[in-house]
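Please open the model in your viewer and keep the sequence panel beside it. The tour moves from a small set of paired strands to the interior and then to the surface.

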Amino acid sequence: MIQVRNLSKNFGPKWAVNNISLDVAKGEVLGFLGPNGAGKSTTMRMITGFLPPASGEIRVGGHDMLAEPIAGKRLIGYLPEHAPAYTDMTVTGFLRFCAEMRGLGGDAKRRAVSRVIETCFLESVTHQSVETLSKGYRHRLCFAQAILHDPEVLIMDEPTDGLDPNQKHEVRTIIREMGARKAIIFSTHILEEVEAVCSRAIIIDRGAIVANGTPQELKARGAGAGAVTVRFAAVPGGAVAALEQLDGVEKVSVIGKEPLAARVFPKAGKKDLGTAIFELAAREQWKLADLHAEEGRLDEVFRAITLPDTK
Amino acid sequence: MKPILIIARRELTGFFTSPVAYVIIIIFLILSGFLTFMVGAFFERGQANLDSFFGWHPWLYLILVPAVGMRMWSEERRLGTIELLLTLPVAPWQAIVGKFLAALAVLAIALALTFPIVITVNYLGHPDNGVILGGYIGSLLLASAYLAISAMTSAVTRNQVISFIVSVAICLFLILCGWAPVTNLLVHWASPAVVDAVASFSVMTHFESIQRGVLDTRDLLFFVSVVVFSLFTTSVILRAHRAG
């Protein structure tokens, strides 16, 4: 649904987005990660047709966003950063206006507006002025506007920013449900959100894509991926030395003394360290309290990839 | 065409849900009444025409029209709603025209509400109502020209005060550039052709001839081209902002 080829954008001498290419198919939820100022918002603004790119090609549903922007925009629902909305309107008035601009009229308009009011839990504020809405409600109103016409492509810039944990959960649930039928891109700073919602994630830094894969693939790139944590019920002598001599162990770091606990890191490419440790413990008759392999953490990957650049 | 009307209706509702439209209309009516009757000495003149009414409009509009137009785009940029508006399936020119028409409608309503003065002058004497109609058409054209200029300045900045001051300055220039003291200033060092060219940009000469009841195509063309040029420049400015 979304095809982006060699997209670049500069503001004066600074390149905000530098030669980005990506594809999002129907049924995919793409998480956009990156430090502040990495070019996430700029990329989304170009895909939605708000900013003209310096160079590159954008196709949404087969429509070239530069040659036929209006046809492309019809397919897109967009939640801009900071959730802007006309403050001089009521909630229903604003949604009706957006519905009309999307070409909905009469009965279709009424149904669409009442559907999103229900989906986004806006019932209690329908006649309130947008100016008096709390941040959470305004965010949900702008989200409602984005899904009003049941778009095939949904692009959201930090959709859960400023929401409380319950509201975050609601929005994530909605995104996940819609993900099966739409092509979705959303940016976020919250890494658990990516694991919870996305089928694929892209990390972008200083205008370029630095990682692209499923959340599992990205996590596997972390320093802690494949490491095994062992907690002992008692303190067996020589356990650390025995672990270090195990085949495929890179290093052992002790993380607890009484009772003993250790993180065992595998050599590159070595898997199933947990089984080997379990067999060793059985032979030596160690009493284990806990033994688990780590998947790797997204925040470690994120820092490892983006930190060198921010220095 | 439809998106233009939807946007215009939204803007117009916005004008009337906030006090802006009411304040503008009431101030316009009070000031035009005061200037016509007290300063312009409508009754003492003993003439069955509305010269003392329309004569003030270039000056009244100088303050009131930029006040209506100053928020047109600066507010969109300040609220960030411009990102919402321009990612809806609408061409930028449609949004520009829609917003312009809504603001013009507010001014047209204010102007239409001066109808009691037409009744008064018809009750007191036998005016040439064709000339009066010409006066109203000229007045609306003048308001459109000022408004288009305000739309342009409001696209430049998200600060409404700057937008207001700059458009007042441009409109003031358009009033004064045909005025003798300004043209005399130019006569000393510019060729007569330049002086004539500058003077022809004055809204006053064009407004006055329409106000006399002479609907010359040149005057009409002047106001229409100021509007078209300013709105086109608005679209260029808005695009330049986004191009970065």
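Select R59(A) and D64(A): D64(A), in β5(A), is the bridge partner of R59(A), and the strands β4(A) and β5(A) (residues 63-64) run antiparallel, joined by 2 bridges. Strands here are DSSP E runs of at least two residues, helices H or I runs of at least four, numbered from the N terminus, and two strands pair if DSSP finds at least two bridges between them. The model is predicted, so local features need pLDDT of at least 70 and side-chain atom pairs pLDDT 80 or more, while totals for chains, interfaces and linings use all residues. Residues are numbered from 1 along each chain, chains are lettered from A in the order written, and side-chain values use heavy atoms, without hydrogens and water.

Next, select G61(A), which takes a positive phi near 60° in the hairpin of β4(A) and β5(A), where 2 residues lie between the strands. Then add Q3(A), which stands opposite R59(A); β1 (residues 2-11) and β4 (residues 55-60) of chain A pair in the antiparallel sense over 5 bridges.

For the interior, select I185(A), which touches, among others, I2(A), F32(A) and L154(A) (contact: heavy atoms within 4.5 Å; residues up to four places away in sequence are not counted).

Finally, turn to chain B and select V224(B), which is found in helix α15 and counts as partly exposed because its relative accessibility is 40%, between the limits of under 20% for buried and over 50% for exposed (1.4 Å probe, protein chains only).
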